[in-house]
Number of protein chains: 2
Amino acid sequence: MPSKRYLMTPGPTPVPPAVAAAMARPLVHHRTAEFRAVLARALARLREVYRTDAEVVLFTSSGTGGMESAVANLCERGDRVVCVSAGNFGERWITLAHAYGCDVVPVRYEWGETPAADDVAAALADAGGAKAVFLTHSETSTGVVADVGEIAARVAGSGALVVVDAISSLGAVPLETDAWGLDVVVAGSQKALMTPPGLATVSVSEAALAAANDAATARFYFDWERVLKAQREDRPATPFTPAITLVYGLDAALEILLAEGLDAAFDRHVRLGRACRAGAKAMGLELFSPDDDRSVVVTAIRMPGEVDGVAVIRAVSERHGITLEGGRGALAGKIVRIGHIGYVDVFDVTAALTALEQVLADLGTDVERGVAAAAALEAFGGEAVRV
Amino acid sequence: MPSKRYLMTPGPTPVPPAVAAAMARPLVHHRTAEFRAVLARALARLREVYRTDAEVVLFTSSGTGGMESAVANLCERGDRVVCVSAGNFGERWITLAHAYGCDVVPVRYEWGETPAADDVAAALADAGGAKAVFLTHSETSTGVVADVGEIAARVAGSGALVVVDAISSLGAVPLETDAWGLDVVVAGSQKALMTPPGLATVSVSEAALAAANDAATARFYFDWERVLKAQREDRPATPFTPAITLVYGLDAALEILLAEGLDAAFDRHVRLGRACRAGAKAMGLELFSPDDDRSVVVTAIRMPGEVDGVAVIRAVSERHGITLEGGRGALAGKIVRIGHIGYVDVFDVTAALTALEQVLADLGTDVERGVAAAAALEAFGGEAVRV
């Protein structure tokens with residue numbers, strides 16, 4: 001029998017059977033009434049998950065394509081923008097803005113730190129007339145979830161648009177697109193939205209659309225207005241052939257998420273985060289990601305002593321079929337990251353913790369044996385949530 | 001029982017069971033050895049299908065994204081380019097080049113005409129110093145397949161790069177990337193490559209790569225060098241999370257295509273084209289697409305008299321579960337297009353013809369009854385090819 005596999009990374013994430021089944025249907029042409037109805041429903045469901053009345057643009061691309069669309073639609077060469085970075089994905093905003101010739105004002109933190117609204121407000125005031133502020137909601141390279149609501153409140157009134165990378169947070173962490181005044185929010189299918197990678201979604205406020213109309217930049221595939229024109233048809237369409245199977249999958253996944261209820265999903269993710277942190281601490285490991293209930297996407301654990309995280313991840317994968325992720329950049333080998341978003345329950349977390357425990361013990365590390373799983377289940381609390 | 005469905009459009013095309021099975025496997029993380037091996041094999045197989053030693057760039061996007069990558073990597077604002085257009089997808093090159101501020105020299109034909117090498121050579125000479133010539137191999141809006149080899153031979157030595165949209169032709173129509181001196185060839189997963197939509201592939205010659213390195217344009221997601229840097233690792237990777245399920249599907253589909261053999265696949269497509277044309281003519285219909293063996297991707301049939309092609313397509317779909325395509329632009333309602341690329345056999349073609357025959361007869365059209373299927377099978381010849 002092929003061994004069971006556990007995909008415990010902060011994206012891609014495991015695909016629920018109903019999503020796999022929706023994707024396995026015979027292919028339907030994208031200009032049929034049948035596909036248009038599915039697309040329309042998926043877009044409506046997305047707006048619910050985004051908690052927005054704004055339009056949500058769907059792209060066939062990685063999440064990075066959705067991020068690039070924000071820069072390409074808004075930023076003309078020389079435009080001043082503020083980019084907040086405390087990890088790998090914050091750096092991506094900076095790289096993207098540079099690629100488009102922006103005058104970038106970076107607000108940089110050590111990887112692992114949590115951006116502070118005061119710093120962003122100060123940088124914005126110093127910058128003077130910035131067109132946009134680019135933020136990362138969940139920095140998956142470190143496990144930090146920023147308080148985007150608070151930061152956005154400080155940007156409000158400055159004239160700058162608020163652009164948020166919520167790729168690994170949407171559906172797992174509370175995010176209020178409209179209530180928080182977020183102009184652009186980028187998400188990806190392969191995180192808490194429980195669908196394989198290949199779709200990016202971008203909510204666009206009226207102010208952002210107006211700014212895009214004023215920006216004379218070279219763009220076509222990622223042009224918001226071109227996509228929205230097709231999506232606004234009586235029965236929505238896409239301007240180019242979309243990843244049809246993934247749209248079916250996303251629609252089915254959103255149905256599952258909304259049936260669970262967004263608030264229930266947020267609560268489940270809080271408890272999964274608690275479980276993972278409790279288990280890691282019980283075996284005597286030190287957390288790299290914050291030890292608080294905002295850190296629900298991925299738990300980053302410091303490797304003790306001279307233990308090489310890369311070797312640990314390889315052993316956990318080869319011996320147990322469990323995929324974890326390592327550190328990026330300067331954190332390579334130093335941390336191991338356990339993702340717990342989307343179609344994940346507490347026993348996925350206990351499996352990852354137990355495997356990690358055994359591998360570390362075999363490497364001669366002084367971990368406490370036999371306590372992590374019970375501690376995790378205890379911290380999770382209540383009944384295991386059935387989704 | 002749900003009715004069987006026939007997807008007889010020039011893309012997306014039906015997915016072979018082995019491809020569907022490959023895509024239905026549990027999701028694997030894209031930074032694992034397992035995925036990298038599949039990616040490496042798919043890229044090697046792609047080079048075989050392209051008949052090239054050049055690198056092939058893989059994007060998670062629609063085919064249009066691959067087309068945009070050619071413009072974005074090569075064309076700086078003000079660059080002069082020649083765009084050949086004889087249909088909807090030729091127009092897309094012109095729109096894309098304009099979006100990037102190019103000085104576009106269009107070589108335009110009536111939709112349905114076949115571009116001539118002489119015209120392209122003359123336009124290129126008149127233009128003086130054009131950076132690139134943009135061509136469409138198979139113009140799916142009309143069914144015309146251009147002689148790209150002959151045109152490229154006339155461009156050779158001019159200093160202009162040859163860029164080809166082969167989205168609906170690669171794998172169905174002979175195309176020799178290296179032998180014909182094609183610098184950039186764009187394809188898509190959802191045509192003769194028998195995979196659902198969502199992947200674009202782009203072969204890039206050394207000359208094209210050098211030109212891209214010299215072009216200071218705003219690009220990130222579609223930047224060739226960024227993707228190639230990841231693909232060139234010992235075990236190839238992608239710079240951003242790819243559409244993992246589709247890469248597994250593409251790899252399985254390319255295995256099928258290469259097992260059949262490219263030349264055998266080209267021959268099968270020639271015979272499918274013959275079958276479709278013979279059937280349409282046998283029932284007394286007039287062809288819009290050329291009545292020759294180069295027209296193997298899609299057969300475009302003129303609707304007789306005042307018959308509305310849109311109504312015909314709707315009836316064929318609703319009554320028989322067969323998806324055909326109509327005309328685009330000025331051809332809307334005037335033609336019906338039957339696609340026959342990829343995982344298609346002659347009985348798919350006879351099904352489409354027979355359904356079309358019945359629907360036209362019921363609309364009071366004077367079609368010859370009961371002869372199309374036999375004529376098609378006769379024209380197909382030999383044994384039905386088993387793939």
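**Entry 1. Salt bridges**

I take a salt bridge to be a side-chain nitrogen of Lys or Arg within 4 Å of a carboxyl oxygen of Asp or Glu. By this rule I count 52 salt bridges over all chains. The model I am reading is predicted.

I looked up one pair inside chain A. A:Lys131 forms a salt bridge with A:Asp79, and the closest N and O atoms are 2.9 Å apart. I then placed both partners: A:Lys131 is in the loop between helix H5 (117-127) and strand S5 (132-136) of chain A, and A:Asp79 is in the loop between H3 and strand S3 (80-85), so the pair ties together parts that are 52 residues apart in sequence.

Between chain A and chain B I find 2 salt bridges. One that I noted joins A:Arg5 to B:Glu34, with 3.2 Å between the closest N and O atoms.

**Entry 2. Confidence**

I checked the scores before going further. For chain A the average pLDDT is 96, and 99% of the residues score at least 70. The ipTM of the model is 0.96 and the pTM is 0.97. I keep in mind that predicted coordinates should not be read in detail where pLDDT is low.

**Entry 3. The interface**

How many residues of chain A are in contact with chain B? I find 46 residues of chain A in contact with 46 residues of chain B. The two chains bury about 3,600 Å² between them, and 65% of this area is on carbon and sulfur atoms. I asked which three residues supply more than any other three of the area that chain A buries against chain B. They are A:Leu27, A:His29 and A:Phe220, which supply 18% of it.

I also listed polar contacts between chain A and chain B, and the count is 10 residue pairs, both residues being at pLDDT 80 or more. Turning to the elements of chain A, I see that helix H3 (63-74), helix H4 (88-99) and helix H9 (244-260) each supply at least two residues of the side that touches chain B. The largest share comes from H4(A), with 4 residues. By class, I sort this side of chain A into 21 nonpolar, 17 polar and 8 charged residues.

**Entry 4. Symmetry**

I superposed chain A on chain B with a rotation of 180 degrees and 0.0 Å of shift along its axis, at an RMSD of 0.0 Å. The two copies are therefore related as by a two-fold rotation axis. In chain A, I find the C-alpha nearest the axis at A:Ser61, 2.5 Å from it. I also compared the two sides of the interface: 100% of the interface residues of chain A are also interface residues in chain B, so the copies meet through the same surface.

**Entry 5. Backbone exceptions**

I looked for departures from a general pattern: most peptide bonds are trans, and most residues other than glycine have a negative phi.

In chain A, the peptide bond from A:Gly11 to A:Pro12 is cis, and I read omega near -5 degrees. A:Pro12 is in the loop between strand S1 (6-7) and helix H1 (17-23) of chain A. In chain B, I find a cis peptide bond between B:Gly11 and B:Pro12, with omega about 0 degrees. B:Pro12 lies in the loop between strand S1 (6-7) and helix H1 (17-23) of chain B.

Where does B:Arg51 lie? I place B:Arg51 in the loop between helix H2 (33-50) and strand S2 (55-60) of chain B. Phi of B:Arg51 is near 55 degrees, a positive value in a residue other than glycine.

Note on methods
Residues are numbered from 1 along each chain as its sequence is written. Chains are lettered from A and ligands numbered from 1 in the order in which they are written. Side-chain values use heavy atoms; hydrogens and water are left out. Contact means heavy atoms within 4.5 Å. Buried area is the accessible area (1.4 Å probe) that two parts lose on being put together, summed over both. A polar contact is a pair of N or O atoms within 3.5 Å; within protein, one must be able to donate a hydrogen and the other to accept it, and residues adjacent in sequence count only if both atoms are side-chain atoms. Ala, Val, Leu, Ile, Met, Phe, Trp, Tyr, Cys and Pro count as nonpolar, Asp, Glu, Lys and Arg as charged, and the others, Gly among them, as polar. pLDDT is the predictor's confidence in each residue, from 0 to 100. Copies are superposed by least squares on the C-alpha atoms of residues with pLDDT of at least 70 in both.
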